[in-house]
Every structure is written in C-alpha cells, then in structure tokens.
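Colleague: I've got a structure to look at and a few questions about its charged and nonpolar side chains. Can you walk me through it?

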Amino acid sequence: MNRQGHIGLAILAGSAMLYVTPDLSIMPAAVLISAAGAGGLLPDLDHKTSTISNKLQFSARKRKQLKGLSILSLGMGILWFVLQQPMPWIWIAAGLIISLASRLRSLILSGLGLLLLIGHEWYSLHWLTLLAGVALLIMPFVKHRGIIHSPEFAGILSLGIVSFTATQPVLFQALGLGLLAGWWSHLAGDAVTVEGIRSVLLPRLKVALNLLRNGGAAERWIARSCWLCSIALWLMIFY
C-alpha cells in the first residue's frame, strides 16, 4: 500500500481501538487516533524514499547536488594539500559535513538509535528503549519489508509497548495503543499486495494475497471507505 491507503487503514484501526475503549476522554482519544496515523507510516522507515523517510532528508535532486559538492570539496582539499596551500583541512571538513547532509536520514535514524541505547545503558530504562534503539540504528541498512515488516518484530514491539505503558498515565497508554493499531494495520495493508510480508524465523512463509496494486484505484477506494467508517465510529462513540 501507499501513503493514503496506509493512513486510511491506520485511522480505521485506531478508531476501532477507540471504540472498544469508550471511556477515554477527548484528549487521550485524539492522541490515540494521531498515534495510529503515525504508526501506520512508521514501518516504512526502512524504505529510503517512503513518505516518512522523505520527511527526514532532502529531496533526491538536492541529495545528488550535495553529493557532488561533497566530492568537489574533498577534491579541493586534496589539491590544496598537494599544492601545500594553507588550511586544506577546511575543504576536507566541509566535504565531510556536506556528505553527512546528503545522508541526513541515515544520520538521524542512527543518531536517535544510539541515544536510546546510551539512555538504556546509563539510566536502566525499559527494554523497549533497547529494542527501539537497535531498530533505529539498523534501519538505514536493512531491506524494505524485511525484519521491520515482520510479524515477529511487531509482536515483540507490542509486548514492549504494552508492558511499558501499563504503568504510565492514560495519555501514554493511548499513545501506545494508537501506535500498535497503526503498526499492525500497516502490516495488514502490505499483506494484501503482491509484495506481501515475510516471517523472519520462517523466511519461506510469506503472506501476499495480491488483492490490490499499490496506488491503484482499489487502494484509493479502500482509503476513502476507511475514512467514512472511522467517522461513523467517532459519531457512535461521542454522540
């Protein structure tokens, strides 16, 4: 599924979750629905050009330009060094910085992952931070619809979020429920496409129902239907 299909399905999943927990007030309900929408996109962080990944990096054209500038700057630094010109390291440093900017997504994901791992080690945080840290750290290097899209990872993530939020205030519980609803809806949406999803422990086990094509008319109608059903659930809950 593409963005609109995943968001529509995630919002419906979050709305259904909200329907079975009708005692939530407006604020936790809004948090749950918003978290579901975000959770419906988060698994695609393992795709270099997905909607959510593009929020963390420059456009493809800009990245190409930055890579060219990086090579040029590094080349100037080497030339300055060979010609014994003053401060060639400035060119080299600039080239390295520009190179990092062209890989901003990888830098952000790996940096956040490293921070979570350090936080877990230094402050003995919940093991969910260890799981999230490792996932973010490896995210730029794993293949799309690999381990991050596996039901095993989703299961472990669910255990971590449920065990962590169980003792937290209601807003954190709503956030956790929303993220899980969105995450599982993403896997369900991908399972009905031709690419499908795979098990990590049993690589030959693949669920690919091939019921719709990414970005096709069927997906657009499914997204619209999901939104209509979600609105109907909201009316039933609050009115």
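What follows is a short back-and-forth on salt bridges, one buried acid and a surface patch.

Colleague: Before we start, what kind of model is this?
Modeller: Keep in mind that no value here goes beyond what the coordinates give. The model is predicted.

Colleague: OK, how many salt bridges does a search of the whole structure find?
Modeller: Side chains of opposite charge can pair when their charged atoms come close. One such pair is Arg 145 with Asp 190, at 3.1 Å from N to O. Another is Arg 145 with Glu 195, at 3.6 Å. For the whole structure, the search comes to two.

Colleague: How many residues apart in sequence are the parts that Arg 145 and Asp 190 tie together?
Modeller: The two side chains meet in a salt bridge. Arg 145 sits in the loop between helix 7 (127-138) and helix 8 (151-165), while Asp 190 belongs to helix 9 (residues 170-191), so the parts they link are separated in sequence by 45 residues.

Colleague: And Glu 195, is that one buried or partly exposed?
Modeller: Glu 195 bridges to Arg 145, and it lies in the loop between helix 9 and strand 1 (197-198), so this pair ties together parts 50 residues apart. Arg 145 itself is buried at 11% relative accessible area, and Asp 190 is buried at 0%. Glu 195 has 40%, and since buried means under 20% and exposed over 50%, Glu 195 counts as partly exposed.

Colleague: Which residues do the shared salt bridges join into one network?
Modeller: Arg 145 has a salt bridge to Asp 190 and one to Glu 195. Salt bridges with shared partners give one network of Arg 145, Asp 190 and Glu 195.

Colleague: Asp 46 is buried yet has no salt bridge, so how far away is the nearest side chain of opposite charge?
Modeller: Asp 46 is in the loop between helix 2 (26-39) and helix 3 (51-54). Its side chain does make a polar contact with the side chain of His 149, at 2.9 Å, and has a polar atom 3.2 Å from the backbone nitrogen of Arg 145. A salt bridge needs the atoms within 4 Å, and the nearest opposite charge, Arg 105, is at 6.5 Å.

Colleague: Last one: about how much accessible area does the nonpolar surface patch have together?
Modeller: Its members include Leu 112, Trp 122 and Tyr 123. Leu 112 is found in helix 6 (residues 104-123) and is partly exposed at 43% relative accessibility. Together, the patch has about 780 Å².

Notes. Residues are numbered from 1 along each chain as its sequence is written. This is a predicted model: local features need pLDDT of at least 70, side-chain atom pairs count only at pLDDT 80 or more; totals for chains, interfaces and linings use all residues. Side-chain values use heavy atoms; hydrogens and water are left out. Patches are made of residues with over 30% relative accessible area and no salt bridge: like charges are joined within 9 Å, nonpolar side chains (Val, Leu, Ile, Met, Phe, Trp, Tyr) within 5 Å. Accessible areas come from the Shrake-Rupley method with a 1.4 Å probe; for residues, only the protein chains shown count as cover. Helices (H or I, at least four residues) and strands (E, at least two) are DSSP runs, numbered from the N terminus. Buried means under 20% relative accessible area, exposed over 50%, partly exposed in between (1.4 Å probe, protein chains only). Lys and Arg count as positive and Asp and Glu as negative; His and the chain ends are not counted. A polar contact is a pair of N or O atoms within 3.5 Å; within protein, one must be able to donate a hydrogen and the other to accept it, and residues adjacent in sequence count only if both atoms are side-chain atoms.
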